[in-house]
Every structure is written in C-alpha cells, then in structure tokens.
Amino acid sequence: MMKKFLLLIILYTININPQSFTASTDNNTVGINDQFQVSFTFSGDDVNQLRNFSPPDFNQFILLSGPNQSTSMQIINGQVSASRVFTYILRPRSAGSFVIGSATVDFKNNKLRTEPLKIEVVQGSQRQQQQQQQQQQQSVSREQIAENVFIRAVADKQRVFQGEQVTIT
C-alpha cells in the first residue's frame, strides 16, 4: 500500500506534458528579393514559466519585423497545453547558403535550444518564378479550351423592330 502511494506521488510530480522548442521557416529556398518568415515555437503546459528568450544572429539577413509574439492555450478534459511563438520576417542580403543559428529560452531552470535552420538564397525571386509557371499553365489551359469548345448561339426571332426584346440561347 505504501509503495503504491509513493509511486503515485512520484508520477504526479513528474512533468506529464513534455515541452519542446522548435524552429521553422515558411520556405527553405528564397529569392534574394523575397522576404520569408522564421518562427521559434515553444510547446508545453505552462508558457508563463518562459524566461530569457534569445534569438539567433540574423546578420546575413535584413530584419523587417520581429520578434512578434503569439500565445495560445487549450484546456481539454482538464489537460492544459500551451504554446508561444516568436516570429521574425527577414529578407536576404546576398545569395548563397546560410545557417540561422539556434535560439534559446529558459524554462523552469532548464535551457532549451532549437536546431539550426538552413536557408538557400537564390538570384531573382522565387515568387515571380512561381507566378510565371502558373501563368504558363493557365495559358496552356486556355489554348486547350479554345481548341475543344464549340459555341452556338440561336436567336428566338430572325426579324425585330428597334427596342424589341430578343432572346439568344
């Protein structure tokens, strides 16, 4: 009986909800003229215990916005889950392969660290290339429709007076 009680106390004090701290980007390959987003997301049971967020060095990029923060919390069947996201909007300074280093944050006397992110910066604009591809696909679709569609219009009257209604089907 005492062993079961002790086991229950130990299990209760162990953090049942593991926490995580991850880095992500909306695009790993960007054009030199494009902007992109980098997010650092903490997930766990208590975002109020977060302290000392430290972003990585963004020297290879122009910082357009950030850190922007958002926090969310859910309670489902008494189980609490929460997240806090630190977001940055960046633009590359030059073409090449770059590594965005790790961000760190303190959580309940533990230092959490994200994995580095690899970013490939290419000449031109990735968005412009995607738009050109979409336009080419649309023009091909229009050509196919033009070759395969036959339209016939039939008027309900052959002779009309000025101001008289004509229905064309």
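Here are some worked exercises on the predicted model shown above.

**Exercise 1. Get your bearings**

Work out how many helices and strands the chain has, and in what order the elements run.

*Solution.* Start with the count: there are 2 helices and 10 strands. Now walk along from the N terminus, and the pattern reads α-β-β-β-β-β-β-β-β-β-β-α. Next, look at burial: out of 169 residues, 26% count as buried. Finish with the contacts. Taking those between residues at least 6 apart in sequence, 65% join residues at least 24 apart.

**Exercise 2. Decide where to trust the model**

Find out where in the chain confidence is lowest and where it is highest.

*Solution.* Begin with the overall picture: the mean pLDDT of the chain is 78, with 79% of residues at 70 or more. Then go element by element. Helix H1 (residues 2-13) has the lowest confidence, with a mean of 46, while strand E10 (residues 117-122) has the highest, at 88. Now check the stretch 2-15: pLDDT stays under 50 there, and the model gives those residues 2 contacts beyond four places in sequence. What to do with that? Where pLDDT is low, the predicted coordinates should not be read in detail.

**Exercise 3. Take apart the E4-E8-E9 sheet**

Work out which strands stand at the edges of the sheet ordered E4-E8-E9, and why one side of each is left without a neighbour.

*Solution.* Step one is the layout: this is an open sheet of 3 strands, in the order E4-E8-E9, and the pairing is antiparallel. Step two is the edges. Strand E4 (50-54) and strand E9 (110-113) each have a single partner strand, so one side of each has no neighbour in the sheet. On average, neighbouring strands here are turned by 20 degrees against each other, direction ignored.

Step three is the pairing itself. E4 is joined to strand E8 (residues 104-107) by 3 bridges, and Ser54 has Thr104 in E8 as its bridge partner. On the other side, E8 and E9 pair over 4 bridges, in the antiparallel sense. There, Phe107 has Asn110 in E9 as its bridge partner.

Step four is the turn. E8 and E9 make a hairpin with 2 residues between them, and Lys108 in the turn has a positive phi of about 50 degrees.

**Exercise 4. Do the other sheet**

Say what order the strands E2, E10 and E7 take, and what kind of pairing they show.

*Solution.* The order is E2-E10-E7, in an open sheet of 3 strands with mixed pairing. Strand E2 (29-31) and strand E7 (96-100) are the edge strands, each pairing on one side only. From one strand to the next, the twist averages 30 degrees. Now zoom in on E7 and E10: they run antiparallel and are joined by 5 bridges. For a landmark, find Ile100, which stands opposite Leu117 in E10.

**Exercise 5. Sort the ring pairs**

Classify the pairs Phe36–Phe61 and Phe42–Phe107 as stacked, tilted or edge-to-face.

*Solution.* A search of the whole structure turns up 8 aromatic pairs. Take Phe36 and Phe61: their ring centres are 5.4 Å apart and their planes stand at 75 degrees, which is over the 60-degree cut-off, so the pair is edge-to-face. Phe36 belongs to strand E3 (residues 36-44) and Phe61 to strand E5 (residues 61-76), 25 residues apart. Both are buried.

Now for Phe42 and Phe107. The centres are 4.8 Å apart and the planes are at 45 degrees, so this pair is tilted. Since Phe42 lies in strand E3 and Phe107 in strand E8, the pair ties together parts 65 residues apart in sequence. Phe42 is buried at 0% relative accessibility, and Phe107 is buried too, at 2%.

Last, look for a group: Phe21, Phe40, Phe53, Phe58, Phe86 and Tyr88 are linked into a cluster by ring pairs.

**Exercise 6. Describe the surroundings of Ser83**

Decide whether Ser83 is buried or exposed, and which side chain it joins in a polar contact.

*Solution.* First, place it: Ser83 sits in strand E6 (residues 79-92). Its relative accessible area is 15%, so Ser83 counts as buried, the cut-off being under 20%. Next, the polar contact: the side chains of Ser83 and Ser72 are joined at 2.9 Å. Leaving out residues up to four places away in sequence, Ser83 touches Phe42, Ser43, Val47, Ser70, Thr71 and Ser72.

Notes: Residues numbered from 1 in each chain as written. Predicted model: local features only at pLDDT ≥ 70, side-chain atom pairs only at ≥ 80, totals over all residues. Heavy atoms only, no water. Pairing = 2+ DSSP bridges. Axes fitted to C-alpha atoms, helices over the stretch in contact; angles between N-to-C directions. pLDDT = per-residue confidence, 0-100. Contact = heavy atoms within 4.5 Å. Phe/Tyr/Trp six-rings, centres within 6.5 Å; stacked < 30°, edge-to-face > 60°. Buried < 20%, exposed > 50% of the residue type's maximum accessible area, 1.4 Å probe, protein only. Polar contact = N/O pair within 3.5 Å; in protein donor to acceptor, adjacent residues only side chain to side chain.
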